[in-house]
Amino acid sequence: CNILAIESSCDETSAAVISDGKILNNIVATQSVHEKYGGVVPELASRAHQQHLIPVVAEALKSSGLDKSSLSAVAFTRGPGLMGALLVGGSFAKAFAYALDLPLIEVNHMEAHVLAHFIDTPSPAFPFICLTVSGGHTQLVLVKSHLDMELLGETSDDAVGEAFDKIAKILGLPYPGGPHLDKLAANGNPEAFTFPISDMKGLAFSFSGIKTAVLYFLKDNIKDDPEFIAHHLEDICASVQYALIRMLMQKLVRASRELGIREVAIAGGVSANSGLRTALKEAAKNQSWNVYLPRLEYCTDNAAMVAMAAHYKYQAGQFCGLDISPLAKMKIGNHGKK
Ligand code: ATP
Ligand code: MG
Ligand code: FE
């Protein structure tokens, strides 16, 4: 069984081919057009997807060594994401499926981030807890099987990736700022400055407070030292990152205790963060967890994870019709619903 999968939910245009559960390739075209705006511009994202999609799919097919005629199905990200961006990938997938008379598979992008854990071994054992941390989401998910997931908690305001990016922007770092902040933090002192650690009820997160706190902290200090950011950049980054990771780990530990589950995974773009990866490895020792960290190329948006999700849906016979429409908001566990 060979499936072509397409990802276009945000600012990465990606295609991958999976053959009997094995990923053959993962072609990703990142959109640089947004850098000068300091954030993803939805209309520009849609246009860039239109430009990149056909070459990206052609390359995925070519490097897989498979002919179009040997495909068994076409899969695409239905949501959540930017409506215009989702429409480009979804319309292409539908046209492709229709032209070649192939079954169509819709994939939930957030479930795909979780299923990236099944691309490489060792994979987590069910049930496991996955902390999905990305540019648009912060979710704690109970994963009961490949196709059965339950949302335990999520952010009530900003996503943690958004917090990384917005704070990085305040500090004058290029977009997206998360990876830059991470690099600078590596040489700073995480205890140099103290930022508030929010604790929402239960398993909910909140990341809007720290952004405001950093803004006022900088304003206060710049009054005395106009070069405050330049003088303390690494320490500020390390201290911000420390607080953000504390907030994530606090909920992850709580979820693990409440559910009595020690299989713990992280997914999504922010799982590339070196501080979070270290914190997780430490928890593996202190909390006796088995922890799972995806390979970096499978952390940020990619079609390989969509292909992996499609593989399990194909096996379960979960196909969709050509009348399916994208969903800008899409809940975990929303299978086949219109
Ligand atoms: P979603 O999956 O919620 O729709 P998205 O697709 O934009 O959002 P991803 O591509 O999974 O998200 O992740 C992008 C985010 O990951 C950005 O916010 C980026 O700054 C962040 N990120 C990537 N690498 C790092 C890092 N090393 N440290 C912190 N953040 C990082
Ligand atoms: Mg992205
Ligand atoms: Fe994503």
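## Ligand shell

Ligand 1 is surrounded by 22 residues. G135, G136, G161, G178 and G269 are the closest of them. The model is a predicted one.

Polar residues number 13 in this shell. Six others are nonpolar and three are charged. Two helices, α4 (160–170) and α5 (178–185), each contribute at least two residues to the shell around ligand 1.

## Annotated domain

The UniProt record, an unreviewed entry, assigns "domain: Gcp-like" to residues 22–307. Helix makes up 47% of the span 22–307, and strand 17%. The C-alpha atoms at the two ends of this span are 9 Å apart.

## Five-stranded sheet

Five strands form an open sheet with mixed pairing. Their order is β8-β7-β6-β9-β10. The edges are β8 (148–154) and β10 (290–292). Each has a single partner strand, so one side of each lacks a neighbour in the sheet. From one strand to the next, the twist averages 25 degrees.

At the β8 edge, the pairing can be followed residue by residue. β7 (residues 138–145) runs antiparallel to β8, and six bridges join the two strands. One residue to look at is V143: its bridge partner in β8 is M149.

## Helix across the sheet

At the β10 edge, a helix comes into play. Helix α8 (residues 274–286) lies across two strands, β9 (263–267) and β10. The angle between α8 and β10 is about 160 degrees.

Key. Residues numbered from 1 in each chain as written. Chains lettered and ligands numbered in written order. Predicted model: local features only at pLDDT ≥ 70, side-chain atom pairs only at ≥ 80, totals over all residues. Near = placed C-beta within 6 Å. Helix = DSSP H or I, 4+ residues; strand = E, 2+ residues; numbered from the N terminus. Nonpolar A, V, L, I, M, F, W, Y, C, P; charged D, E, K, R; others polar. UniProt positions renumbered as here; feature names shortened; annotations may be inferred. Pairing = 2+ DSSP bridges. Axes fitted to C-alpha atoms, helices over the stretch in contact; angles between N-to-C directions. Contact = placed C-beta atoms within 7 Å.
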